[in-house]
Amino acid sequence: SWISAKGKTTFTINDFWIDNRSKAKSSDDLLPAFKLLEERAIIQEIHETPNIGRKPKHKYEVSPSCKACFRCLKNE
């Protein structure tokens, strides 16, 4: 629901964690939930090579089929 509410198409696990700190002690605690979203094909991890600096840890993209509706999240 956070993805839908924020209108995100790409984000890092840290972006989510910053907005939801009370739900996890660290961003690494969220990895099992993000893996589940990947298994359901709602998001997919992006592997980029940065031009400058460190690459973002665990960057994700919302599946094109989910960008339009998020019906699966409304039923939960």
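This is a short talk on the aromatic rings and the strands of one protein model.

Morning, everyone. A caution to begin with: the model is predicted.

Let's start with the rings. How many aromatic pairs does the structure hold? Six. I'll take you through two of them.

Pair one is F11 with F34. Their ring centres are 6.1 Å apart. The planes meet at 55 degrees, so this pair is tilted. Now look at where the two residues sit. F11 is in strand β1, residues 10–12. F34 is in helix α3, residues 31–39. The partners are 23 residues apart in sequence, so the pair ties a strand to a helix.

Are these two buried or exposed? F11 has 2% relative accessibility, so it counts as buried. F34 has 4%, and it also counts as buried. The cut-off for buried is under 20%.

Pair two uses F34 again, this time with Y60. Here the centres of F34 and Y60 are 5.1 Å apart. The planes are at 35 degrees, so this pair is tilted too. Y60 belongs to strand β3, residues 59–62. F34 is in helix α3, so the pair ties together parts 26 residues apart in sequence. And Y60 itself? Its relative accessible area is 0%, so Y60 is buried.

Step back for a second. Which residues do the ring pairs link into a cluster? W2, F11, F16, F34 and Y60.

Next, strand β3. In a regular strand, side chains alternate between the two faces of the sheet. β3 shows this alternation. Y60 and V62 point to one face, and they are buried. K59 and E61 point to the other face, and they are not buried.

What does β3 pair with? Strand β1, for one. β1 and β3 run antiparallel, joined by three bridges. On β1, T12 stands opposite K59 of β3. Strand β2, residues 43–46, also runs antiparallel to β3. Four bridges join β2 and β3. I46 stands opposite K59 as well. Put those together: K59 has T12 opposite, and K59 has I46 opposite.

Last stop, S65. Where is S65? In helix α4, residues 64–67. Its relative accessible area is 56%, so S65 is exposed. The cut-off for exposed is over 50%. From S65 to I42 the separation in sequence is 23 residues. In space, their C-alpha atoms are 8.1 Å apart.

To recap: F11 is buried, F34 is buried, and Y60 is buried. S65 is exposed. β3 is joined to β1 by three bridges and to β2 by four. Thanks, I'll stop there.

Technical notes:
Residues are numbered from 1 along each chain as its sequence is written. This is a predicted model: local features need pLDDT of at least 70, side-chain atom pairs count only at pLDDT 80 or more; totals for chains, interfaces and linings use all residues. Side-chain values use heavy atoms; hydrogens and water are left out. Rings of Phe, Tyr and Trp (its six-membered ring) pair if their centres lie within 6.5 Å; planes under 30 degrees apart count as stacked, over 60 as edge-to-face and the rest as tilted. Helices (H or I, at least four residues) and strands (E, at least two) are DSSP runs, numbered from the N terminus. Buried means under 20% relative accessible area, exposed over 50%, partly exposed in between (1.4 Å probe, protein chains only). Two strands pair if DSSP finds at least two bridges between them.
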